[in-house]
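Thanks for coming, everyone. Let me put the structure up, and then we'll walk through a few places in it.

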Amino acid sequence: MDDQALLQQALEEARTGLREGGLPIGSVLADKHGQIVARGHNLRVQSGDPTAHAETVCLRSAGRRRDWAELTLVSTLSPCVMCTGTALLFRIPRVIIGENRNFQGAEDLFRQHGASVIVLDDAECIRMMRDFISAHADLWNEDIGK
C-alpha cells in the first residue's frame, strides 16, 4: 500500500472511533512491504483510559515484535508527545500524518531522533477534526490535557 492508501485505513479507524462516541483519530502500523500489522483508534472516552490515544492503542495491538525499526506509523492527526515518545521508544523510523492544522503534535521530536515525518495535509482529516473540535470542545480539551 502507498502512503495515501495507508492513511485511508487510518481514517476508517477514526470513523469507527467517532461512531463509538469517541474522538475521530485513527492509526495503523505497516510493515516494510506496506501491509498493515496493527490498527487502533482513540478509545479514551470509550475505555476511560487517558492514555488510550489512537497511536498507543495501535502499538499495543501490534503485540511483541522485533521489526519495529522497519515499520511505519500512520495517524490521522499529528501525534501528541505521549504517542511520539512511545513510537520513539520502539525506534519506528517513519511516520505518516494525515493533518497537523488542528493540532501540532511533537513532530519536531520525531525529527530530532531521525524519524522521517510525512504530513499529507489531507482534507478529510482536517475537516473531521475541525468539525469534532467545534462540536465537542470539552472532549477535545480533555484529550489534550487542557
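**Helix H6 and its surroundings**

Start with helix H6, residues 123–135. Its 13 residues reach 18 Å from the first C-alpha to the last, close to the 18 Å expected at 1.5 Å a residue. Keep in mind that this is a predicted model.

Which residues of H6 are buried? They are Cys125, Ile126, Met128, Met129, Phe132 and Ile133. And what do they pack against? The buried residues of H6 pack against helix H1, residues 3–19, and helix H7, residues 137–143.

Now look at the start of the helix. There, aspartate 122 has a side-chain oxygen within 3.1 Å of the backbone nitrogen of glutamate 124.

Next, two residues inside H6. Alanine 123 belongs to this helix. Buried or exposed? Alanine 123 is exposed, because its relative accessible area is 58% and the cut-off for exposed is over 50%. Its C-alpha is 8.1 Å from that of glutamate 99, and the two residues are 24 apart along the chain.

Cysteine 125 also sits in H6. Its relative accessible area is 3%. Buried means under 20%, so cysteine 125 counts as buried. What does cysteine 125 touch, once neighbours within four places in sequence are left aside? The contacts are Leu7, Leu11, Thr76, Gly98 and Glu99. Try one long-range pair as well. Cysteine 125 and arginine 15 are 110 residues apart in sequence, yet their C-alpha atoms are 10 Å apart in space.

**The loops: arginine 101, aspartate 121, arginine 91**

Move to arginine 101. You'll find this residue in the loop between strand E4, residues 94–97, and helix H5, residues 107–112. Arginine 101 is exposed, because its relative accessibility is 59%. In sequence, serine 78 is 23 residues away from arginine 101; in space, their C-alpha atoms are separated by 8.6 Å.

Which residues does arginine 101 contact, leaving aside neighbours within four places? Asp121 and Ile126. With aspartate 121 there is a polar contact as well: the two side chains are joined at 2.6 Å.

So much for one end of that pair. Aspartate 121 lies in the loop between strand E5, residues 116–119, and H6. At 34% relative accessibility, this aspartate counts as partly exposed. Check its backbone too. Aspartate 121 has a positive phi of about 50 degrees, although it is not a glycine. Why point that out? Because most residues other than glycine have a negative phi.

Arginine 91 is another such case. This residue has a positive phi of about 60 degrees, and it is not a glycine either. Where is arginine 91? In the loop between helix H4, residues 81–89, and E4. Arginine 91 is exposed, with a relative accessible area of 63%.

**Two buried threonines**

Now turn to threonine 72. It is in strand E3, residues 72–75. Relative accessibility is 8% for threonine 72, so this residue counts as buried. Setting aside residues up to four places away in sequence, what does threonine 72 touch? Val28, Leu29, Ala30, Ile92, Arg94 and Ile96.

The other one is threonine 56, in helix H3, residues 54–62. Threonine 56 is buried too, because its relative accessible area is 8%. Beyond its neighbours within four places, threonine 56 is in contact with Thr51, Met82, Cys83 and Thr86.

**The cavity**

Last stop: enclosed space. How many cavities of 30 Å³ or more are there? The count comes to 1. Its volume is about 90 Å³. The lining has 13 residues, and the closest to the centre are Ile25, His53, Leu77, Cys80 and Asp143. What classes make up the lining? There are 8 nonpolar, 3 polar and 2 charged residues.

**Quick recap**

Three things to take back to your desks. H6 has buried residues that pack against H1 and H7. The side chains of arginine 101 and aspartate 121 share a polar contact of 2.6 Å. And the cavity has 13 lining residues, with Ile25 and His53 among those closest to its centre. That's the tour.

How values were computed: Residues are numbered from 1 along each chain as its sequence is written. This is a predicted model: local features need pLDDT of at least 70, side-chain atom pairs count only at pLDDT 80 or more; totals for chains, interfaces and linings use all residues. Side-chain values use heavy atoms; hydrogens and water are left out. On a 1 Å grid over the protein atoms alone, a cavity is a set of points where a 1.4 Å probe fits but cannot get out, and a pocket is an open set with protein on both sides within 12 Å along at least five of seven lines; lining residues have an atom within 4 Å of a point. Grid points are joined across faces, edges and corners, and a volume is the space filled by probe spheres set on the points. Ala, Val, Leu, Ile, Met, Phe, Trp, Tyr, Cys and Pro count as nonpolar, Asp, Glu, Lys and Arg as charged, and the others, Gly among them, as polar. Helices (H or I, at least four residues) and strands (E, at least two) are DSSP runs, numbered from the N terminus. Buried means under 20% relative accessible area, exposed over 50%, partly exposed in between (1.4 Å probe, protein chains only). Contact means heavy atoms within 4.5 Å. The expected span of a helix is 1.5 Å times one less than its number of residues. A polar contact is a pair of N or O atoms within 3.5 Å; within protein, one must be able to donate a hydrogen and the other to accept it, and residues adjacent in sequence count only if both atoms are side-chain atoms.
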